[in-house]
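Q: Could you take me through one part of this protein up close? I'd like to see how the pieces around it fit together.

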Amino acid sequence: MSDLREQLRKDLIESYRHRAAGDAACALCGNTTRPLAFHMLEASFSEGNQTPDGFVPMSASRGRVSGSFPICNVCSPPCKKCGLPVPTEKVLELGYRLKARSGNGVCQHIQFGLFLSAILKRLFGIGRFGRRAS
């Protein structure tokens with residue numbers, strides 16, 4: 001039983017990593033040739049409504065379409081420790097604009113450079129930390 005759980009865990013983590021995709025493009029840069037991470041930014045929309053550009057539907061249930069905004073390995077590089085995509089500031093800003101949530105398939109390690117960048121942007125009100133006009 002333990003071997004089965006361990007194999008399922010490995011397969012799940014592998015599905016979160018960047019992988020080649022046929023016709024999908026990076027939601028940030030639009031590149032179609034790089035490997036993509038499909039669990040960085042996830043969103044759900046009402047069926048029949050127009051979805052934003054870059055959205056890749058994955059399932060539909062109870063009148064909602066769920067899916068993700070794929071991100072390439074340049075816009076969100078893999079972590080050197082675990083291989084999962086690192087949620088860069090550009091990715092987080094895109095998620096904020098699109099009202100998408102971070103998925104489960106992101107690196108949880110502390111990336112000091114990205115952490116420092118987020119603190120500075122927060123201090124100066126830049127990007128997703130800027131004041132919104134009401």
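A: Sure, and keep in mind that this is a predicted model. Let's begin at lysine 99, which follows helix H2 and has a positive phi, near 60°. Now step back into H2 itself, where Glu89, Val91, Glu93, Leu94 and Gly95 are buried.

H2 (89-98) also takes part in the largest nonpolar core: along with strand S1 (36-46) and strand S3 (64-72), it is one of the elements that give two or more residues to this core. S1 gives the most, with 7 residues. The core has 20 residues, and those touching the most other members are Leu36, Met40, Leu41, Phe69 and Ile71.

Pick out leucine 41 and look at what surrounds it. Leaving aside residues up to four places away in sequence, leucine 41 touches Val91, Leu94 and Gly95, and also Gly67, Ser68, Phe69, Ile71, Ala100, Arg101 and Gly103. Apart from this core lies another one, of 6 residues, including Cys79, Cys82, Leu84 and Val86. In soluble globular proteins, nonpolar side chains tend to be buried together.

Now for some nonpolar residues on the outside. Ile110, Phe112, Phe115, Leu116, Ile119, Leu120, Leu123, Phe124 and Ile126 make up a nonpolar surface patch, and their accessible area together is about 990 Å². Take leucine 120 from that group: you'll find it in helix H3, which covers residues 112-124. Its relative accessible area is 40%, so leucine 120 counts as partly exposed.

Methods
Residues numbered from 1 in each chain as written. Predicted model: local features only at pLDDT ≥ 70, side-chain atom pairs only at ≥ 80, totals over all residues. Heavy atoms only, no water. Core = buried A, V, L, I, M, F, W, Y, C linked by side-chain atoms within 4.5 Å. Buried < 20%, exposed > 50% of the residue type's maximum accessible area, 1.4 Å probe, protein only. Helix = DSSP H or I, 4+ residues; strand = E, 2+ residues; numbered from the N terminus. Contact = heavy atoms within 4.5 Å. Patch = residues over 30% accessible without salt bridge, like charges linked within 9 Å, V, L, I, M, F, W, Y side chains within 5 Å. Areas by Shrake-Rupley, 256 points an atom, 1.4 Å probe, with all protein chains shown as cover. Salt bridge = Lys/Arg side-chain N within 4 Å of Asp/Glu carboxyl O.
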